[in-house]
Amino acid sequence: MEATAVSTGTEGKTWGGGNQPLKASYGKLMMWFFIVSDALTFSGFLASYGFSRFKFIDSWPIADEVFNHFPFLHGVDAPMYYVALMTFILIGSSVTMVLAVDAGHHMKQKKVILYMFLTIIGGAIFVGSQAWEWKNFINGEYGAVETHGGQILQFVDNTGHRVALENIAVAIPGEREQHQKKNGVWYNGEKELPTYSMNEIIKGFEAKPEILVRTQILDENGQKTILSREESLAKLKAEGRNIVEGANLKHNEYGTPLFADFFFFITGFHGFHVFSGVIINIIIFFNVIIGTYERRGSYEMVEKVGLYWHFVDLVWVFVFTFFYLV
């Protein structure tokens with residue numbers, strides 16, 4: 001008995017079974033595959049961050065003290081204000097992207113151009129804002145002392161407010177000489193020296209009785225532990241090793257270096273996604289202007305890049321929650 005083959009009318013086409021699984025085109029389905037895989041990647045990063053934070057839960061930096069800068073308001077304590085503004089701008093760009101997609105469905109070219117332009121502006125502002133956050137995080141504001149055990153000692157006045165190293169240190173003339181390439185060991189130049197030495201900090205600390213040391217260890221109220229004057233001086237002399245200004249992959253004036261490592265890696269990875277999205281949006285934007293999608297009779301490319309943009313915005317909500325709110 002011969003088998004009967006059922007013809008679907010789509011033989012030889014990409015899918016061969018209706019050509020549109022889940023009512024989605026090939027391009028949109030591939031975008032969804034990418035989004036799912038990328039979501040798993042971000043989930044792994046954030047899970048690693050969560051485990052590390054739990055391990056150092058008693059010494060993790062306090063976000064309100066780290067991200068408290070606002071452009072053109074130097075010295076003003078504005079915890080989370082600028083990060084909240086960045087988040088609002090990115091979410092707003094997601095709204096304009098929705099409007100661009102909707103305008104594309106109705107074949108309204110001018111509205112697509114307007115809303116995509118606003119989306120690009122919002123994304124560019126966000127990327128620039130993230131770069132500005134990185135700059136402040138890397139440069140630091142107050143400075144701190146790192147102990148032999150890798151702990152961070154910060155300085156506060158008798159009211160609990162942070163005190164910068166520049167307001168403590170007393171210059172000791174001729175104390176340090178930086179090795180240059182011509183006279184350094186193995187003819188290697190020494191890395192850039194910190195602004196102050198440990199001796200300059202200790203000497204200045206002894207001359208200012210109102211200054212206290214604050215450790216990175218959190219008390220039962222979730223605040224960093226402030227030592228007494230005697231404890232502060234003893235700890236500084238016995239355990240102080242070097243000066244830390246700002247943050248990098250090895251040292252972090254705000255607390256454990258792991259915080260800086262995760263901050264650079266996760267926000268940098270997300271920032272790269274936003275930057276890529278801005279570039280793709282610009283390409284699609286110019287295609288809209290020259291009428292490419294009008295001639296095709298479909299603005300599906302706008303919809304596909306819109307899916308990516310919404311995903312990037314959603315990921316930021318989780319990054320914002322993990323790093324800044326929790």
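These legends accompany close-up views of a predicted model.

**View 1. The whole chain, a predicted fold of helices and strands.** The protein chain holds nine helices and five strands. From the N terminus, the elements run α-α-α-α-β-β-α-β-β-α-β-α-α-α. The chain has 326 residues, and 41% of them count as buried. Take the contacts between residues at least 6 apart in sequence: 69% of these join residues at least 24 apart. The exposed area is about 18,200 Å². Carbon and sulfur atoms supply 63% of that area.

**View 2. The open sheet of five strands.** The strand order is β4-β3-β2-β1-β5, and the pairing is antiparallel. β4 (224–226) and β5 stand at the edges. Each edge strand has a single partner, so one side of each is left without a neighbour in the sheet. From one strand to the next, the twist averages 40 degrees. Strands of a sheet pair through backbone hydrogen bonds, either parallel or antiparallel.

**View 3. Two helices against the sheet.** Helix α5 covers residues 198–207 and packs on the sheet. Helix α5 touches β1, β2, β3 (212–218) and β5. Its direction makes about 100 degrees with that of β5. Helix α6 covers residues 229–239. Helix α6 lies across β1, β2, β3 and β5, and runs at about 90 degrees to β5.

**View 4. Strand β1 and its side chains.** β1 spans residues 144–147. Which way do its residues point? Ala144 and Glu146 point one way, Val145 and Thr147 the other. All four are buried, glutamate 146 included.

**View 5. β1 beside the edge strand β5.** β5 runs over residues 240–244. β1 and β5 pair in the antiparallel sense over four bridges. Two of the partnerships can be picked out by residue. Alanine 144 has valine 244 as its bridge partner. Valine 145 is matched with isoleucine 243.

**View 6. The hairpin of β1 and β2.** On this flank, β1 pairs with β2 (residues 152–156). The sense is antiparallel, with two bridges. Glutamate 146 of β1 stands opposite isoleucine 152 in β2. How many residues lie between the strands? The hairpin has four. Glycine 150 takes a positive phi there, near 85 degrees.

**View 7. Valine 274 and its surroundings in space.** Valine 274 belongs to helix α7, which spans residues 257–289. Is this residue buried or exposed? Valine 274 is buried, because its relative accessible area is 0%, under the 20% cut-off. Leaving aside neighbours within four places in sequence, valine 274 is in contact with Gly123, Phe126, Val127, Trp309 and Val312. Aspartate 313 lies 39 residues from valine 274 in sequence. In space, the C-alpha to C-alpha separation of these two is 8.4 Å.

**View 8. A nonpolar patch on the surface.** Ile91, Val95, Leu99, Leu314, Val317 and Phe318 make a nonpolar surface patch of about 500 Å². Which helices supply at least two of its residues each? They are α3 (81–105) and α9 (300–325). Leucine 99 lies in α3. Leucine 99 counts as partly exposed, because its relative accessibility is 33%, and that class sits between 20% and 50%.

Key: Residues are numbered from 1 along each chain as its sequence is written. This is a predicted model: local features need pLDDT of at least 70, side-chain atom pairs count only at pLDDT 80 or more; totals for chains, interfaces and linings use all residues. Side-chain values use heavy atoms; hydrogens and water are left out. Buried means under 20% relative accessible area, exposed over 50%, partly exposed in between (1.4 Å probe, protein chains only). Two strands pair if DSSP finds at least two bridges between them. Contact means heavy atoms within 4.5 Å. Patches are made of residues with over 30% relative accessible area and no salt bridge: like charges are joined within 9 Å, nonpolar side chains (Val, Leu, Ile, Met, Phe, Trp, Tyr) within 5 Å. Accessible areas come from the Shrake-Rupley method with a 1.4 Å probe; for residues, only the protein chains shown count as cover. A salt bridge is a side-chain nitrogen of Lys or Arg within 4 Å of a carboxyl oxygen of Asp or Glu. Axes are lines fitted to C-alpha atoms, for helices over the stretch in contact, and angles run from 0 to 180 degrees between N-to-C directions.
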